[in-house]
Amino acid sequence: MKFISYFFFYTYIGLVCLAGIWGAFFNAHLDFSLLMGLDTSELPEGIRNNLLSQYRFLRALEFGFGLFALLFTREIFTQKKFNSLFLVIMASGILARVASLAYEGSPNWMMYFFMIYEIIGFIFIYLHTRQSIQAYVPT
């Protein structure tokens, strides 16, 4: 259980960091094209600028979450406060995807893949840390 929970943790956080820094600081236009099939150059300038500004901001927050998780990995896997915060943030992302299914309808296959991967990762990390945190005695 330990190996698989760390596998999902690091692959999830690695992608969160990569997607966050890429979308925030490098090529948000390509993100929209690849992930959403939207050519941002076709939008009116004001709408495009607002959309990309907000998107870059949210991707920067995503990168910040990934950085937090990398810097506090040990604490996430051993301390209830860090673990709970990490799992609440991860679950919030999953719940946002589920809400989008309910409100907007079916996304493309990539969004389903991310959601399923995140759910599986959440379950394994949750199950492993329930055991490891209970067994952990701080000194």
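**Helix packing and residue environments in a six-helix chain**

Leaving aside neighbours within four places in sequence, R48 is in contact with H29, T40, S41 and L43. The model examined here is predicted. R48 belongs to helix α3, which spans residues 45-71. The residue is buried, yet R48 has no salt bridge. Its nearest side chain of opposite charge is that of E45, at 4.8 Å. A salt bridge requires a side-chain nitrogen of Lys or Arg within 4 Å of a carboxyl oxygen of Asp or Glu, so a separation of 4.8 Å between R48 and E45 does not qualify.

The overall architecture is helical. The chain has 6 helices and 0 strands. Along the sequence the pattern reads α-α-α-α-α-α. The C-alpha atoms fill a box of roughly 60 × 30 × 20 Å along the principal axes. The chain comprises 139 residues, of which 34% are buried. Contacts between residues at least 6 apart in sequence were also examined. Of these, 72% join residues at least 24 apart.

Two helix pairs were analysed in turn. Two packed helices are described by the angle between their axes and the distance between the axes. Helix α1 covers residues 2-25 and helix α2 covers residues 28-36. The two pack at an angle of about 120°, with their axes 6 Å apart. This angle makes α1 oblique to α2. On the α1 side, the contact is made by A19, W22 and G23. On the α2 side, A28, L30 and D31 contribute. By class, this contact has 4 nonpolar, 1 polar and 1 charged residues.

The second pair is α2 with α3. These helices pack at an angle of about 90°, and their axes are 10 Å apart. α2 and α3 are therefore roughly perpendicular to each other. From α2, the residues involved are A28, H29, D31, F32, L35 and M36. They meet R48, L51, L52, Y55, R56 and R59 in α3. The residues of this contact divide into 7 nonpolar, 1 polar and 4 charged. R48, the buried residue without a salt bridge, is thus listed among the α3 residues that meet α2. A28 and D31 appear in the contact of α2 with α1, and A28 and D31 are also listed in the contact of α2 with α3.

Other positions on and after α2 were then considered. L34 is placed in helix α2. L34 has a relative accessible area of 57% and is therefore exposed. Its C-alpha atom is separated by 25 Å from that of F122. L34 and F122 are 88 residues apart along the chain. D39 lies in the loop between α2 and α3. D39 counts as partly exposed because its relative accessibility is 37%. D39 and F114 are 75 residues apart in sequence. In space, they are 22 Å apart, C-alpha to C-alpha.

A further buried position occurs in helix α5, which covers residues 80-104 and holds N83. N83 is buried, with a relative accessible area of 0%. Residues up to four places away in sequence were not counted among its contacts. With that exclusion, N83 touches E75, I76, T129, R130 and I133. Both R48 and N83 are buried, whereas L34 is exposed and D39 is partly exposed.

Conventions: Residues are numbered from 1 along each chain as its sequence is written. This is a predicted model: local features need pLDDT of at least 70, side-chain atom pairs count only at pLDDT 80 or more; totals for chains, interfaces and linings use all residues. Side-chain values use heavy atoms; hydrogens and water are left out. Axes are lines fitted to C-alpha atoms, for helices over the stretch in contact, and angles run from 0 to 180 degrees between N-to-C directions. Helices (H or I, at least four residues) and strands (E, at least two) are DSSP runs, numbered from the N terminus. Angles under 35 degrees count as roughly parallel, over 145 as roughly antiparallel, 65 to 115 as roughly perpendicular and the rest as oblique. Contact means heavy atoms within 4.5 Å. Ala, Val, Leu, Ile, Met, Phe, Trp, Tyr, Cys and Pro count as nonpolar, Asp, Glu, Lys and Arg as charged, and the others, Gly among them, as polar. Buried means under 20% relative accessible area, exposed over 50%, partly exposed in between (1.4 Å probe, protein chains only). Lys and Arg count as positive and Asp and Glu as negative; His and the chain ends are not counted.
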